[in-house]
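Me: I would like a close look at one part of this model, taken slowly and in order. After that, please place it beside a few other spots elsewhere in the chain.

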Amino acid sequence: MFAWWGRMVVRLRWAVLAAAVLLVAVGSTWGAGVFGQLTGGGFDDPASESSRAYERITDELGPQGADVIVLWSSDSVPADQPAFRDPVTATVTRLRERPEVASVTTWYDTQAPALLATDRRATYALVQLRPADEDGKTAAYEALRPAIETPGVRTETGGNVPFLHEANRQTTEDITRAELLAMPVLLVLLVLIFGGLVAAATPLLIGGLAILGGFVAVRLVNLVTEVSIFAINIITLIGLGMAVDYALFVVSRFREELAAGRDTPTAIRRTMATAGRTVLVSGLTIALAMASLLIFPQSFLRSMGLGGMAAVLVAMLAALTVLPALLAVLGPRIDAWRVPLPWRRGGRPAAGGGAWARIARSVMRRPVRYLVGVVLLLAVLAVPSLRMEFGGFDERVLPADAAPRVVSERIAAEFPGGTVAPIDVLVSGAPAEAVRPFADRIAGLPGVSGVQVAANRGEATLLTVSYPGEPTGEVAQDLVRQLRELPAPAGSEVLVGGRPGADRDLLDSLADRLPWMALLMAAATLLLLFLAFGSVVLPVKAVLMNLVSIGASFGVVVWIFQDGHLADLLGFTPTGFIEPSNPILMLAVLFGLATDYEVFLLSRVREEWDRTGDNTASVAAGLQHTGRIITAAALLLIIVVAGFATGGMAYIKLIGVGMIVAIVVDATLVRALLVPATMRLLGRWNWWAPGPLGRVYRRYGIREGAESDPAERHPAFTG
């Protein structure tokens with residue numbers, strides 16, 4: 001099948017390239033318009049108690065809570081003096097006249113102690129916006145920002161909407177900077193790897209196609225379902241990274257076939273029958289790993305799953321169609337515009353020579369020593385992951401000087417009650433007098449610093465519960481649990497929400513679905529690798545190896561970001577926990593990437609096994625031929641994600657550092673040493689499959705048939 005595909009692409013090369021040009025045109029115009037179509041936020045589970053509380057509060061009491069907090073302060077003038085009061089009240093009057101504003105609550109109107117700093121030189125207002133959806137609130141906030149500035153006093157804005165707005169802005173800025181830094185470095189590295197400008201440019205061309213094609217795909221999906229802006233982030237990361245990997249693999253094999261004396265059509269046919277098959281298996285595996293994110297109810301995770309699937313599938317298709325069509329046109333000119341590199345001594349090193357041949361021979365001679373050594377090292381790296389603690393993200397993920405973080409920290413430190421996100425408790429179906437004893441019981445709970453009636457209408461009452469510390473802190477989370485366990489007043493229903501309640505629900509929702517996500521990824525990997533290699537041992541080993549490398553990455557992440565080591569060097573504030581969506585996203589991406597490298601290695605090993613039937617020689621030859629390519633692919637992918645580690649957002653740093661560690665561990669310790677050592681020890685059992693499954697593989701396996709591959713004499717060891 002793959003050899004046939006290679007012949008077809010050569011025959012239709014100009015039509016394929018014309019279709020690629022059309023995709024670039026559509027992607028850079030209509031596809032790029034996706035930025036204005038996607039939604040923000042999407043962190044809530046619509047079925048959670050906090051989401052139901054928000055809807056019921058809005059239905060029964062009207063919009064409640066503060067979307068924006070405006071903090072005014074002075075170094076010397078008290079808030080009740082005319083020099084402070086007059087400009088602030090003038091600003092409040094302007095805000096109340098704006099159509100975007102539903103209400104403004106200030107200390108000047110209510111004399112509420114919580115709104116005045118203990119030194120009386122600062123006060124804050126609670127601004128409620130009219131739009132009900134997150135995108136509408138963000139747009140309203142952006143329109144209001146010029147009107148909030150107050151002459152004569154220091155003005156800072158915080159609260160949920162400014163926090164999310166700043167987080168999205170900073171994230172976009174971090175990712176854009178990472179991409180701008182990565183592209184020139186990628187080009188330089190590709191030139192060093194390939195030794196020529198033409199060959200080096202092809203992976204970047206496929207990467208651009210993957211990104212633009214991903215934009216088009218996501219915009220099409222957005223026509224039928226809501227997609228979050230977070231899909232764009234994963235498209236640029238996965239699309240560029242996988243496209244570079246696939247192009248590197250295909251171009252390297254094509255040049256190898258040309259160097260063996262084959263003409264261009266034959267070289268492409270053989271490249272598709274080998275490297276093309278590998279790209280297909282890898283792309284499908286990573287796409288299914290990203291599809292596991294679709295089981296989560298949170299829009300932002302589902303959107304990243306959709307974005308990742310789109311990017312990987314487009315990168316795969318481009319590597320199987322556009323790239324071979326381009327190679328058919330270029331032929332031997334793929335090596336044009338050579339760059340003189342002193343260590344090459346006039347030519348490329350022979351495939352399977354040099355350092356990787358020595359490593360392969362060493363691993364084959366001492367497999368037990370390598371197995372024990374690598375496992376011990378990975379176990380040491382993974383140990384901290386056993387004490388990973390989860391918590392929601394708060395303003396501390398922002399840079400220290402970001403206004404929403406400054407406002408949150410100042411209110412916590414300088415104001416009585418000290419919280420920007422109280423817990424909302426809706427009591428529905430009880431008269432106000434029946435709610436008072438319930439409020440008294442709440443006030444007696446440990447950790448409660450205050451209980452207030454925020455709104456009342458008929459038999460619906462909203463209580464706001466304040467507490468010390470952060471909304472994601474232990475006190476707030478314990479209070480949410482205690483409030484949900486309190487008996488409701490007779491005949492009433494109590495719903496607990498607010499930001500702490502939403503954080504609690506997010507943690508519970510992710511924990512409930514995480515095992516199913518892991519099961520889906522493992523099942524998809526086992527199935528695809530069996531169909532690719534005809535063994536039940538290799539897929540199981542691949543899943544275990546993936547978990548080993550990911551566990552090491554998680555251990556380093558816990559040691560750095562949860563425990564706070566290297567915080568000053570990396571420039572973040574440790575919180576003592578990990579926001580759970582980050583490791584979930586990393587699990588999906590890293591599981592796919594680890595399988596990607598496994599497929600690269602096993603494909604060449606399987607090719608040698610089919611040719612010789614000698615397991616030890618096959619493993620050694622597979623490592624010799626792919627070691628340099630896997631290392632180069634890993635290095636290029638590290639460059640793609642390295643900019644993340646230098647960003648301003650703590651969770652972007654976490655993803656960048658975690659992925660770099662996982663890629664380094666996987667490409668060196670796991671694929672270059674641990675996998676070959678275990679395959680050497682397993683011997684023929686690597687290729688074992690029960691008789692019925694062996695027949696399934698021979699009939700439905702993802703492989704070349706006997707006509708295309710007459711040397712395939714050892715398809716499986718069955719029993």
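Reply:
**The sheet and its surroundings**

Val104 stands opposite Val127, a residue of β3. The model is predicted: local features need pLDDT of at least 70, and side-chain atom pairs count only at pLDDT 80 or more, while totals for chains, interfaces and linings use all residues. Residues are numbered from 1 along each chain as its sequence is written, and side-chain values use heavy atoms, with hydrogens and water left out.

Two terms are needed at once. Helices (H or I, at least four residues) and strands (E, at least two) are DSSP runs numbered from the N terminus. Two strands pair if DSSP finds at least two bridges between them.

The strands β2 and β3 run antiparallel and are joined by 4 bridges. On the other pairing of β3, 6 bridges connect this strand to β1, again in the antiparallel sense. Within that pairing, Val70 has Ala125 of β3 as its bridge partner. The whole arrangement is an open sheet of 4 strands, ordered β2-β3-β1-β4 and paired antiparallel. The edges are taken by β2 (101–105) and β4 (154–158), each of which has a single partner strand, so one side of each has no neighbour in the sheet. From one strand to the next, the twist averages 20°.

The remaining pair is β1 and β4. Strand β1 covers residues 68–73, and 5 bridges pair it with β4 in the antiparallel sense. Ile69 has Gly158 of β4 as its bridge partner. Helix α4 (residues 82–97) packs on the sheet and touches β1, β2 and β3 (122–129), and its direction makes about 160° with that of β1. Contact here means heavy atoms within 4.5 Å. Angles run from 0 to 180 degrees between N-to-C directions, and axes are lines fitted to C-alpha atoms, for helices over the stretch in contact.

A further helix, α6 (residues 134–148), lies across β1, β2, β3 and β4 and runs at about 140° to β3. As for β3 itself, 7 of its 8 residues are buried, so the strand is mostly covered. Buried means under 20% relative accessible area, exposed means over 50%, and partly exposed lies in between (1.4 Å probe, protein chains only).

The loop between α5 (107–110) and β3 holds Arg120. This residue has a positive phi of about 65°, although Arg120 is not a glycine. Most residues other than glycine have a negative phi, and most peptide bonds are trans. Arg120 is partly exposed, with a relative accessible area of 37%.

Leu566 can be read alongside it. Leu566 is not a glycine either, and its phi is positive, about 70°. Its loop runs between α19 (537–562) and α20 (567–570). Leu566 is partly exposed as well, at a relative accessible area of 40%.

Next come the cores. A nonpolar core is a set of buried Ala, Val, Leu, Ile, Met, Phe, Trp, Tyr and Cys residues joined through side-chain atoms within 4.5 Å. The largest one has 179 residues, and Met242, Tyr246, Leu293 and Ile334 touch the most other members. Helix α23 (residues 650–682) gives this core its largest share, 20 residues. Another core, of 33 residues, lies apart from it, and its members include Trp72, Val104, Ala117 and Val127. Val104 and Val127 are the two residues set opposite each other at the start of this reply.

Back in the largest core, Leu293 has contacts with Leu301, Arg302, Met304, Gly305, Met517, Ile584, Leu585 and Ala588, leaving aside neighbours within four places in sequence.

Thr285 sits in helix α10 (residues 264–291). Thr285 is buried, with a relative accessible area of 3%. Not counting residues up to four places away in sequence, Thr285 touches Thr525, Leu528 and Thr595. Thr285 and Leu528 are 243 residues apart along the chain, yet their C-alpha atoms are separated by 6.8 Å.

Two helix contacts complete the view. Helices α11 (residues 299–320) and α12 (residues 322–330) pack at an angle of about 25°, with axes 3 Å apart. On α11 the contact is made by Leu317, Ala318, Ala319 and Leu320, and on α12 by Val322, Leu323 and Pro324. In helix α13 (residues 355–365), the buried residues are Trp356, Ala357, Ala360, Ser362, Val363 and Met364. These buried residues of α13 pack against α14 (367–382), α22 (615–645) and α23.
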